[in-house]
Amino acid sequence: MSEMYRPCTEGERDQAEQVPGRHRIAVLALPGVPPFELGIPSRVFGSVVDAAGRPLYEVTVCTADGAPVLSDAGFTVQPAAGPEALAAADTVIVPPTHAMPELGRGGPLPPEVTAAIARIRPGTRLVSICTGSYVLAAAGLLDGRPATTHWNLAPEFRRAYPQVKVDEEVLFIDDGDVLTSAGVAAGVDLCLHMIRRDHGAAAANRAARMCVVPPWRDGGQAQYIDRPVPEPTVATTTATRAWALQHLGEPLSLDRLAEHARMSLRSFTRRFRDEVGMTPVQWLTAQRLELAKQLLETTDLSIDLVAHRAGFGSANSLRAHMRTAFGVSPAAYRRTFSPNDLVRNHG
């Protein structure tokens with residue numbers, strides 16, 4: 001990690017252990033923060049509860065010096081804490097700032113921000129939303145790592161921080177302990193991805209329902225789609241995608257999908273990519289994997305039956321796809337995220 005990290009003090013360690021069993025998230029609000037992006041972590045992670053209705057995350061909005069900051073909407077954000085929250089956090093999330101133009105030129109962070117980031121404990125999960133990536137990059141925390149940011153600012157970001165492996169084509173990048181997302185709504189996608197990673201697909205889907213947002217968009221989905229909204233006279237693939245989600249267990253060839261959409265195969269494939277940012281095959285595989293994860297978490301079906309209902313045909317096919325996508329087998333995934341009774345009976 002960056003040399004800006006330092007071991008936490010005994011007092012900071014004691015504070016970090018005050019709330020056992022609950023994942024602590026500190027959201028660093030900087031001057032010029034957009035209110036929408038600032039509110040994403042509190043709204044999304046605040047929707048996650050366990051079976052007894054207890055919150056699984058504790059989200060604290062803090063500032064670098066504990067003082068209020070002016071948002072880019074013209075009102076003041078009163079933080080709940082100062083930089084001590086960063087020292088106690090399991091995850092630190094940095095939303096964008098529109099008040100530090102020097103970062104776009106590779107300039108230094110303000111001293112108080114540098115000092116605040118230095119309080120983050122080694123091993124803390126670091127996350128940026130949109131141009132919050134500039135802050136992590138300026139702190140040296142993205143050096144040599146893959147990262148994304150808003151597509152429109154990627155050329156500037158690449159010039160300012162050439163040591164970062166920028167990919168502006170994706171919604172978010174999970175590099176283990178460092179995660180970055182594209183603009184605005186991609187921050188919601190990344191937060192749901194983190195919930196899924198921490199507590200499984202069912203928990204992420206419940207949070208998405210509470211927030212009334214789509215439960216899952218793959219991080220590799222295209223960030224910028226040239227023609228996301230077709231002209232009124234142009235046919236779309238929306239109805240066919242909704243239909244396909246209800247028939248994932250059946251063979252769904254491109255020809256069948258195109259026939260349902262009442263388009264030629266060529267027109268359907270082109271329109272699908274324009275609207276979704278990936279091919280129909282890539283999208284189908286992603287949706288089937290999501291269904292398989294839900295079935296593994298919430299049912300005691302055998303791996304063979306899960307594979308069949310999710311449209312993979314065989315357990316071997318499901319195993320291969322899950323290992324490629326997630327690095328784990330279906331059985332290992334079930335042991336991680338299923339209730340204890342399912343694990344005992346079918347692990």
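Here are some notes on the cysteines, one helix and the salt bridges of this structure, which is a predicted model.

1. Let's start with the cysteines. A disulfide is a covalent bond between the sulfur atoms of two cysteines. How many disulfides are there here? The count comes to 0. Take Cys191: the closest cysteine sulfur belongs to Cys211 and lies 9.3 Å away, so it is too far for a bond. The cut-off for a disulfide is 2.5 Å. Looking from the other end, Cys211 has Cys191 as its closest cysteine partner, again at 9.3 Å.

2. Are these cysteines buried or exposed? Cys191 is buried, at 2% relative accessibility. Cys211 is buried too, with a relative accessible area of 16%.

3. Now have a look at helix α9, which covers residues 238-245. Its buried residues are Thr240, Arg241, Trp243 and Ala244. Viewed down the axis of α9, these buried residues fall within an arc of 160°, so they line one face of the helix. And what does that set of residues pack against? The answer is three helices: α10 (254-261), α11 (265-276) and α12 (280-298).

4. On to charges. Side chains of opposite charge can pair when their charged atoms come close. Searching the whole structure turns up 13 salt bridges. One of them joins Arg54 and Asp50, with 2.9 Å from N to O. Arg54 is exposed, with a relative accessible area of 52%, while Asp50 is partly exposed at 22%.

5. Another pair to find on screen is Glu168 with Arg158, whose closest N and O atoms are 2.8 Å apart. This salt bridge links distant parts of the chain: Glu168 sits in the loop between β8 (165-166) and β9 (172-174), and Arg158 sits in helix α6 (residues 154-160), 10 residues apart. Arg158 is partly exposed, with a relative accessible area of 35%.

6. Helix α12 holds a salt bridge of its own, with Glu290 and Lys293 both lying in that helix. Their closest N and O atoms are 3.6 Å apart. The two residues are 3 places apart in the chain, about one turn of the helix. An α-helix has 3.6 residues a turn, so residues three or four places apart point the same way. Are these two charged residues buried or exposed? Glu290 is buried, with a relative accessible area of 5%, and Lys293 also counts as buried at 5%.

7. Finally, there is a network to trace: salt bridges that share partners join Arg24, Asp90 and Arg121.

How values were computed: Residues are numbered from 1 along each chain as its sequence is written. This is a predicted model: local features need pLDDT of at least 70, side-chain atom pairs count only at pLDDT 80 or more; totals for chains, interfaces and linings use all residues. Side-chain values use heavy atoms; hydrogens and water are left out. Buried means under 20% relative accessible area, exposed over 50%, partly exposed in between (1.4 Å probe, protein chains only). Helices (H or I, at least four residues) and strands (E, at least two) are DSSP runs, numbered from the N terminus. The arc is that of the directions from the helix axis to the C-beta atoms. Contact means heavy atoms within 4.5 Å. A salt bridge is a side-chain nitrogen of Lys or Arg within 4 Å of a carboxyl oxygen of Asp or Glu.
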